[in-house]
Amino acid sequence: MASKSSQTMSLKILVEKEKNRVVFVEANKDFVDVLFSFLTIPIGTIFGLTREHFLEGEIGCLNNLYESLEKFDEDFLSSEHKGILLHPRCATDIYCRNLKVDLVECNKSKYYECGYCHLVSYYQNDTCRCGRAIDYELYLVAPVSQDGSGFIKPTARFMITDDFQVLPMSSTAGLSLLGNFGAFDGSKTEERMLNIGKDEHQRRLFSDSILEPPFSKTKPMINYGRYEPRMMNLSQRDVDTRNKDENINLKLFINRLNNRAMYAEVEENFVNLLCSFLSIPIGHIVKECPYLSFKGCLGNLRKSVQDLDVNKFFKSEEMKAILLDPKLAPGTPYDNKLIGTVNVPRSTFSSLFRNARAGFSSRSCLQGVKIGGGLVKGPSMFMVTDSLSIAPLSPISSISLINRLKVPVSDIQELEVNMGEEETLRLLVASLVSRSALTDAFVLKETKQET
């Protein structure tokens, strides 16, 4: 593991003095590799690392979902699966083990191999495609060369704006950025040196870069673009028939007075779906939901990857593709067909060796453990609140919630929902940007944004 002092980078920055704003930063491969790796980190890992930096409700309902899983009884969720959900692996950690700043401690990552067909998984409690349990643990040693780490060519240099546009080094671009600040007078700017390490990256990248909730703090509103919510009529509802075998049913209990969901009765397949949200790389959200407003400019970061010349700046076309279309780590236990996430194909021991440009030391033998089926044990029924708190179904708890909300029984309406791809994407978006995910995903009509 790298020492704390070695996990620090020095950056040269140009600052507009009057408002103390960064005009741009000059950075090399080390810093840009860390920035780009952020696109591949799963939502659950991001939240687990930085939850203390967020205010309540600042990133939708993720806090409630995460805390519910932490408290889940092992009767419903095994400790092995709980660890996978709360700390999902990053599919690119094989390339990020020796980044200058190791945000998600990839250097501690282990890999697991089927001793029969030699396919590698990122999780021990996985079952190989041959049907056997994973039975070997691999130890990765230092890369053969530093060129084996990261996505960017070693000699590449860049300019980075405060809103995460990554540009090739250029005097013309520098003068243009200076003009944007109206700072052509040299007395208005100054050069500074900044040392940045893991803590600063987490605060800047995670706390300042997550989704900006596109609603008023006092009047929650949400804009879904092409996935806008629509009013569902109980007798006339269009059911999405795509991937019909994968569809999920739930029963919503709605307060008819304000047309808001109170809670839903669901089976384990719905909870599996919610759990799977935590394993999705944030870059997949940026790719699939480009209409969302991003507080810290993740959209700019992805666009920078798109715009940069692959031959000049990236080690290979594969490296650029990994960043533009991040996938789940091999062996991630829930393949979410309703969202379109895809696991990285399992590779063989020798292929992993080549890709990582590293060596593996001794392999220890494990007692193979198979865990089949979904993440959550079933058959089971659960109660999910509008803000995505999850608990085993209890009529007493349901009645207590209704009483706390002061809703007369006569004003409660039941709504059957069949979730296909469109509904799932709505729920995913709502879980990130709304404090009332069930209402905004399934009940409310589209509302106009405030100016």
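This passage describes the fold, sheets, cores and selected residues of one protein model. The model is predicted, with local features needing pLDDT of at least 70 and side-chain atom pairs counted only at pLDDT 80 or more, while totals for chains, interfaces and linings use all residues. Residues are numbered from 1 along each chain as its sequence is written, and side-chain values use heavy atoms, with hydrogens and water left out.

The protein contains 16 helices and 14 strands. These elements are DSSP runs numbered from the N terminus (helices H or I, at least four residues; strands E, at least two). Of the 451 residues, 52% count as buried. Buried denotes under 20% relative accessible area, exposed over 50%, and partly exposed in between (1.4 Å probe, protein chains only). The exposed surface is about 20,700 Å², and carbon and sulfur atoms supply 49% of it. Accessible areas come from the Shrake-Rupley method with a 1.4 Å probe; for residues, only the protein chains shown count as cover. Among contacts between residues at least 6 apart in sequence, 75% join residues at least 24 apart. A contact requires heavy atoms within 4.5 Å.

Five strands form an open antiparallel sheet, ordered β13-β12-β10-β9-β14. Two strands pair if DSSP finds at least two bridges between them. The edges are β13 (390-392) and β14 (412-419), each paired on one side only. Twist averages 25 degrees from one strand to the next. Strand β9 (residues 248-255) runs antiparallel to β14, and eight bridges join the two. In one of these strands, β14, Ile412 is the bridge partner of Asn255. Helix α14 (residues 395-404) lies across β10 (260-267), β12 (381-385) and β14, at about 170 degrees to β10. Axes are lines fitted to C-alpha atoms, for helices over the stretch in contact; angles run from 0 to 180 degrees between N-to-C directions.

A separate pairing involves β1 (residues 8-16) and β2 (residues 21-28), which run antiparallel and are joined by five bridges. Val15 stands opposite Val22 in β2. Four residues lie between the strands of this hairpin, where Asn20 takes a positive phi near 55 degrees.

The largest nonpolar core holds 102 residues, of which Phe36, Leu252, Phe270, Leu427 and Phe442 touch the most other members. Helix α15 (residues 421-433) gives the most to this core, with seven residues. A second, separate core of seven residues includes Met262, Tyr263, Met383 and Ile402. A nonpolar core is a set of buried Ala, Val, Leu, Ile, Met, Phe, Trp, Tyr and Cys residues joined through side-chain atoms within 4.5 Å. Leaving out residues up to four places away in sequence, Leu252 touches ten residues, including Tyr263, Leu415, Val417 and Phe442.

Helix α12 (residues 317-324) has Met319, Lys320, Ile322, Leu323 and Leu324 buried. Their cover includes α1 (29-37), α5 (93-96), α9 (282-288), α10 (298-307) and α11 (310-313).

Two polar residues were examined towards the C-terminal end of the numbering. Thr424 is found in helix α15. Thr424 is buried, with a relative accessible area of 0%. Its side chain reaches the backbone oxygen of Gly420 at 2.7 Å. The C-alpha atoms of Thr424 and Ile339 are separated by 6.6 Å, although the residues are 85 apart along the chain. Ser434 is found in the loop between α15 and α16 (437-442). Ser434 is also buried, at a relative accessible area of 2%. A polar contact of 2.5 Å joins the side chains of Ser434 and Asp440. Such a contact is a pair of N or O atoms within 3.5 Å; within protein, one must be able to donate a hydrogen and the other to accept it, and residues adjacent in sequence count only if both atoms are side-chain atoms.
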